[in-house]
Structures are given as C-alpha cells and as structure tokens.
Amino acid sequence: CHFEIHPRKVALAIDYGAGVVTARSDIAEVLTAFGKSGGADTVRTYCRNPAMTRYYRRWFGLKPIYTVLEKPL
C-alpha cells in the first residue's frame with residue numbers, strides 16, 4: 001500500500017494482493033483504519049480483470065470509477 005496525494009484528496013492505494021483471505025471484513029477494517037491514520041480520504045486499487053473489479057466491489061465496497069487502458073510499446 002502507498003498513499004497518493006491528489007489536489008482534492010488523499011488516497012490509500014492498494015497495489016497488489018494475493019493469497020487466501022478468510023476474514024474479509026477484518027482486512028477491510030484494517031485498511032480503513034490504516035488509511036484514516038495516514039490522512040486518506042479514500043481507498044483505491046487498480047485492476048484490469050473484470051472479475052477482480054467485481055471482487056473488490058462485492059467484498060470491500062469499492063466503487064469502480066474508471067478503467068485504466070494500456071497498450072504495450
């Protein structure tokens with residue numbers, strides 16, 4: 001995780017997650033507390049797989065706000 005500083009908000013960015021999670025609500029609470037302690041206004045993550053978008057929305061309540069598109073050079 002890292003903090004992104006934007007002109008109107010501070011975001012706690014979840015870079016990557018892996019492994020088996022048995023207590024999703026505990027993780028959401030820990031991330032929320034960590035973000036608030038660092039002055040974050042929001043939690044953000046990036047993913048390209050539509051299944052991961054659904055996963056984050058369902059289990060952590062994250063709202064998709066845009067999709068990142070990329071083309072390798």
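Trainee: What does the accessible surface of the protein come to, and how is the area obtained?
Mentor: The accessible surface comes to about 6,000 Å², and 57% of it belongs to carbon and sulfur atoms. Accessible areas come from the Shrake-Rupley method with a 1.4 Å probe, and for residues only the protein chains shown count as cover. This is a predicted model, in which local features need pLDDT of at least 70 and side-chain atom pairs count only at pLDDT 80 or more, while totals for chains, interfaces and linings use all residues. Residues are numbered from 1 along each chain as its sequence is written, and side-chain values use heavy atoms, with hydrogens and water left out.

Trainee: How many helices and strands does the protein have, and what makes a run count as one?
Mentor: The protein has 2 helices and 3 strands. Both are DSSP runs numbered from the N terminus: helices are H or I with at least four residues, strands are E with at least two. From the N terminus on, the order is β-β-α-β-α.

Trainee: What makes strand 1 and strand 2 a pair?
Mentor: Two strands pair if DSSP finds at least two bridges between them. Strand 1 and strand 2 have 4 bridges and run in the antiparallel sense, so they count as paired. Isoleucine 5 has valine 10 in strand 2 as its bridge partner, and phenylalanine 3 has leucine 12. The two strands form a hairpin with 4 residues between them.

Trainee: Why is the pairing of the sheet called mixed?
Mentor: Strands of a sheet pair through backbone hydrogen bonds, either parallel or antiparallel. Strand 2 and strand 3 run parallel and are joined by 4 bridges, whereas strand 1 and strand 2 are antiparallel. Among the partners in strand 3 are threonine 42 for alanine 11 and threonine 45 for isoleucine 14. The sheet is open, with 3 strands in the order 1-2-3 and mixed pairing. Strand 1 and strand 3 are its edge strands, since each pairs on one side only. On average, neighbouring strands are turned by 40 degrees against each other, direction ignored.

Trainee: How do you know whether strand 2 is mostly covered or exposed?
Mentor: Buried means under 20% relative accessible area, exposed means over 50%, and partly exposed lies in between (1.4 Å probe, protein chains only). In strand 2, 5 of its 5 residues are buried, and the strand is mostly covered. Val10, Leu12 and Ile14 point one way, and Ala11 and Ala13 the other way. In a regular strand the side chains alternate between the two faces of the sheet. Over the protein, buried residues make up 18% of the 73 residues.

Trainee: Which residues make up the largest nonpolar core, and what makes them a core?
Mentor: The residues are Val10, Leu12, Ile14, Leu31 and Ala40, 5 in all. The largest share, 3 residues, comes from strand 2 (residues 10-14). A nonpolar core is a set of buried Ala, Val, Leu, Ile, Met, Phe, Trp, Tyr and Cys residues joined through side-chain atoms within 4.5 Å. Contact means heavy atoms within 4.5 Å, and alanine 40 touches Phe3, Val10, Ala11, Leu12 and Gly35, not counting residues up to four places away in sequence.

Trainee: Why is the pair of glutamate 4 and arginine 44 called a salt bridge?
Mentor: A salt bridge is a side-chain nitrogen of Lys or Arg within 4 Å of a carboxyl oxygen of Asp or Glu. In this pair the closest N and O atoms are 3.3 Å apart, so the rule is met. Glutamate 4 lies in strand 1 (residues 2-5) and arginine 44 in strand 3 (residues 42-45), so the pair ties together parts 40 residues apart in sequence. Both residues are buried. The count by this rule comes to 1 salt bridge.

Trainee: Why is glycine 39 called partly exposed?
Mentor: Its relative accessibility is 43%, so glycine 39 counts as partly exposed. Glycine 39 is found in the loop between helix 1 (24-37) and strand 3.

Trainee: What about tryptophan 59?
Mentor: Tryptophan 59, found in helix 2 (residues 50-60), counts as partly exposed because its relative accessibility is 39%.

Conventions. Axes are lines fitted to C-alpha atoms, for helices over the stretch in contact, and angles run from 0 to 180 degrees between N-to-C directions.
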